[in-house]
Amino acid sequence: MPPRHLVLWLPDWPVRAALGAPPADDPVAVVQANTVIACSASARAQGVRRGQRRRLAQNRSPSLRLIPADPRRDERAFLPVLRLLEELVPGVQPLRPGLAALRARGAARYYGGEEQAALHLIDALAEHDHPGTRAAIADGLFTAEQAARLAAPALIVAPGGSQEFLARLPVQALGDEEVTALLERLGIRTLAEFAALAETDIRDRLGERGARLHALASGADSRPLVPQHPEPELAREIVFESPLDQADQVAFAVRQTADAVTAALAELSQVCTEVRIDLTDDDGAISSRVWMHPTSFEASDLVDRVRWQLESLTTPATSDPAKSDRASAGIAEVRIVPIRVDDSAHHQPGLFGQGPQQRLHHAVSRVQAMLGHRGVVTPVVVGGRRLADRQLLQPWGDKVPTERDAALPWPGSLPPPYPSEIFNPPLPARVTAADGTAPRVDDRGALSAAPAWVQESPVLSWAGPWPLRERTWDKDQARLAQRLQIVDESQRAWLVLWEDDSWWIEGRYR
């Protein structure tokens, strides 16, 4: 008998996350790429739907309030919900913000039945300002998710009844627009009609992708539910009778604690790849920081992180060497908390010794231990519009700050490939037209003349200009520039910038 799954769905979660509370009576929609991805009940009552273009949604609801989508905001807002569910029933797995699943058997046995468990969780969420939650229990995750969307507030699909329940649903429930469009052209409208097709024909026409969707339509959900069981208590701490104010003293004293952490991990055949270090001073203030490692932490690595974190808290350097290594307040307690662990088998050296990557990491880590946390850095491309803003020298082993993720939309930013050499600040450029005058770019992005020379070399080809606008809302700090890419006769490519009535070299391709 297949395992039963319980799915909890909080409708319109992007709207809830954006407002910080359940949607009010005002029509609200969350928009991404000019398309509605979520809307409130009042907006739906006025004809707004998911997938609509923004202009059509505003036409249906003139008073519609539009909020830009933010997946990270949705995830952050969903974390308290997951913590609450984990306290009630362990093993909760988030499917996406607003949707969570867990094995139904344990909850049903504890609360006296499947329906009782679903209703209890719904009531618990309602007590914590999450009304309107819907729950469903079925044999598979796909079936349970579809049932949750029809629940009011809970729906139980009988064991073995997944195919019968899914039969009447439209093919759009599969969530694959390309396959759905093909099925509609073939006259297939429901999951029952799709499931009635021969599996061999589906596999021959649509491959493994179509076969997986066909299995879902037939009620055979192959997605495994992996419960997120809490990790064993691996944290270790040391409390000093007398607060220590020397970084070297704290680092020396914490060695045994670091050994205890790695020993606890070794007993479970695990290694730590991400750790949080909490430093508590004698005033009760806590300095907490999360450290990542390119491979896995050893005890010496943990000691280094403690020392580096202490050095970041020291007072500004003075002429007295003894004072430059003193913490701003004595450290009374150090706590090391592994956050992310992995199977140690994935980090074992090869049979014939370590490869180039392991040797490189070992050498760089030794240099970093001697020079300090920022003694070894690696270049990282982050978000930004100007090339100089997109360069980040990241300490070896650190995680790139997510708030500056290069994947975020940056209108006006340069798409890859990026110049291999960046000039910060930009260098004055010599760009001239055929008549020897410098071309100009007006506010509309029109060139007064085609560039014929760049840096005293004839221009072979060029492209642009592309506008670069920054801080347009601030009259005093607004900046407007125009970019061009120019290839000279020597096959050198330049990224030039027209700004403040002058030409500048922002980067060079090699």
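Which residues are buried in H6? In this predicted model, helix H6 spans residues 114-127, and its buried residues are Ala 117, Ala 118, Leu 121, Ile 122, Ala 124 and Leu 125. They lie on the same side of H6, because the arc they cover around the axis is only 160 degrees. The cover over these buried residues includes two helices, H4 (71-88) and H5 (104-111). Strands also contribute to the cover of the buried residues of H6, among them S1 (5-9), S6 (99-103), S7 (134-138) and S8 (154-156). With 14 residues, H6 reaches 20 Å from its first C-alpha to its last, close to the 20 Å expected at 1.5 Å a residue. After H6 comes Asp 129, which has a positive phi near 65 degrees.

The chain that holds this helix has 510 residues, of which 42% count as buried. Its secondary structure comes to 16 helices and 21 strands. Where contacts in the chain link residues at least 6 apart in sequence, 56% of them join residues at least 24 apart. The area exposed by the chain is about 28,300 Å², and carbon and sulfur atoms supply 51% of this area.

Burial is also a feature of strand S10, which covers residues 270-281. Of its 12 residues, 10 are buried, so S10 is largely enclosed by the rest of the structure. S10 runs antiparallel to strand S11 (residues 286-292), and seven bridges join the two. Within this pairing, Thr 280 stands opposite Ile 286 in S11. S10 and S11 form a hairpin with four residues between the strands. In that hairpin, Gly 284 takes a positive phi, near 90 degrees.

Further along the chain, an open sheet is made of seven strands with antiparallel pairing. The order of the strands in this sheet is S15-S21-S20-S19-S18-S17-S16. At its edges are strand S15 (421-428) and strand S16 (431-432), each of which pairs on one side only. Inside the order, S21 stands between S15 and S20. Strand S20 (residues 493-499) pairs with strand S21 (residues 502-509) in the antiparallel sense, over seven bridges. In this pair, Ala 493 of S20 stands opposite Tyr 509 in S21.

Key:
Residues numbered from 1 in each chain as written. Predicted model: local features only at pLDDT ≥ 70, side-chain atom pairs only at ≥ 80, totals over all residues. Heavy atoms only, no water. Pairing = 2+ DSSP bridges. Buried < 20%, exposed > 50% of the residue type's maximum accessible area, 1.4 Å probe, protein only. Contact = heavy atoms within 4.5 Å. Areas by Shrake-Rupley, 256 points an atom, 1.4 Å probe, with all protein chains shown as cover. Expected span 1.5 Å × (residues − 1). Arc of directions from axis to C-beta.
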